[in-house]
Amino acid sequence: MPEIQWTSDFDTGIRVIDKQHRRLVEYINQLAHARTHHNRDEVSGVLDQLVDYTLSHFAFEESLIEDAGYPQHASHVHAHDAFRNRIFDFRERARQGEDVAKPLLELLKAWLFEHIAHEDARYVPLVSAQMRRLEQRDQGSWMRSQLKRWFQ
């Protein structure tokens, strides 16, 4: 059974963000599996993937809220920075041979759902409205406009 079961309570209503959050839950569940099987190499591998994915998710989310004019953008980025530093620390400790799986799992579970439920929930109305405006203006996909912005 997974460590965390995704429920609709965690949905923000922004599909792309919800999909990214679900992927983070998958990493948490992979980490729990590796811990259960006492596989430090697997823990390190999942941790590396989690760090990479978290960095890209944060960059994407920060771009969304900045574009939407979210007034608490700076404090949201600050929360992301603090979390990034914590997971970098866990990754370094794991590379030095420390068994970090249990405290890392505790941090991830608590932080992810606290952050989604409180921090992310605050920007949803503004970002959703911005996405609708962009789709109406461009008469196309909001995602297409974001992909052009990020990859051209």
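Read from one end of the sequence to the other, this protein follows the pattern α-α-α-α-α. That amounts to five helices and zero strands. Please keep in mind as you look around that this is a predicted model. The protein has 152 residues, and buried residues make up 44% of them. Among contacts between residues at least 6 apart in sequence, 69% join residues at least 24 apart.

## The nonpolar cores

A good place to start is the inside. The largest nonpolar core has 30 residues, and Leu108 and Phe113 are those with the most contacts inside it. Helices H1 (15–36), H2 (40–67), H3 (73–95) and H4 (101–138) each give two or more residues to this core. The biggest share comes from H4, which gives nine residues.

If you would like to see this core from one residue, centre your view on Leu108. Leaving aside neighbours within four places in sequence, Leu108 is in contact with Ile28, Leu31, Leu50, Phe83 and Ile87. There is also a second, separate core of 12 residues, which includes Ala68, Tyr123, Val124 and Val127.

## Aromatic residues

The structure holds seven aromatic pairs. One of them is formed by Tyr27 and Tyr53, a tilted pair with 5.7 Å from centre to centre and 55 degrees between the planes. Tyr27 belongs to helix H1 and Tyr53 to helix H2, so this pair ties together parts that are 26 residues apart in sequence. Tyr27 is buried, with a relative accessible area of 7%, while Tyr53 is partly exposed at 22%.

Tyr27 has another partner to look for: the charged end of Arg23 sits over its ring, 3.9 Å from the centre. Elsewhere, Trp6, Phe10 and Phe113 form one aromatic cluster. Phe113 is a residue you have already met, as one of the two with the most contacts inside the largest core.

## A polar link between H1 and H2

Now for a polar pair. Gln20 has its place in helix H1, and His57 lies in helix H2. Their side chains are joined by a polar contact of 2.4 Å. Are these two residues buried or exposed? Residues under 20% relative accessible area are classed as buried. Gln20, at 11% relative accessibility, therefore counts as buried, and His57 is buried too, with a relative accessible area of 2%.

Their surroundings are worth a look as well. Setting aside neighbours within four places in sequence, Gln20 is in contact with Tyr53, His57 and Phe60. Tyr53 is the H2 member of the tilted aromatic pair described above. With the same neighbours left out, His57 is in contact with Ile17, Gln20, His21 and Leu24.

## Helix H2 and its two ends

Helix H2 can be checked with a little arithmetic. At 1.5 Å a residue, its 28 residues should span 40 Å, and the end C-alpha atoms are 40 Å apart, which agrees.

The N-terminal end of H2 is capped by Asn39, with a side-chain oxygen lying 3.2 Å from the backbone nitrogen of Asp41. At the other end, just after H2, Gly69 takes a positive phi of about 75 degrees.

His38 is found in the loop between H1 and H2. Its phi is near 50 degrees, a positive value in a residue other than glycine. For background, most residues other than glycine have a negative phi. His38 counts as exposed, at 73% relative accessibility.

Asp41 also gives a useful point of reference for another loop. Gly97 is found in the loop between H3 and H4, and Gly97 is partly exposed, with a relative accessible area of 39%. Gly97 and Asp41 are 56 residues apart in sequence and 9.8 Å apart in space, C-alpha to C-alpha.

## Accessibility at a glance

Here are the residues from this tour, with their accessibility side by side.

| Residue | Relative accessible area | Class |
|---|---|---|
| His57 | 2% | buried |
| Tyr27 | 7% | buried |
| Gln20 | 11% | buried |
| Tyr53 | 22% | partly exposed |
| Gly97 | 39% | partly exposed |
| His38 | 73% | exposed |

Terms used
Residues are numbered from 1 along each chain as its sequence is written. This is a predicted model: local features need pLDDT of at least 70, side-chain atom pairs count only at pLDDT 80 or more; totals for chains, interfaces and linings use all residues. Side-chain values use heavy atoms; hydrogens and water are left out. A nonpolar core is a set of buried Ala, Val, Leu, Ile, Met, Phe, Trp, Tyr and Cys residues joined through side-chain atoms within 4.5 Å. Buried means under 20% relative accessible area, exposed over 50%, partly exposed in between (1.4 Å probe, protein chains only). Helices (H or I, at least four residues) and strands (E, at least two) are DSSP runs, numbered from the N terminus. Contact means heavy atoms within 4.5 Å. Rings of Phe, Tyr and Trp (its six-membered ring) pair if their centres lie within 6.5 Å; planes under 30 degrees apart count as stacked, over 60 as edge-to-face and the rest as tilted. A charge sits over a ring if NZ of Lys or CZ of Arg is within 6 Å of the ring centre and within 35 degrees of the ring normal. The expected span of a helix is 1.5 Å times one less than its number of residues. A polar contact is a pair of N or O atoms within 3.5 Å; within protein, one must be able to donate a hydrogen and the other to accept it, and residues adjacent in sequence count only if both atoms are side-chain atoms.
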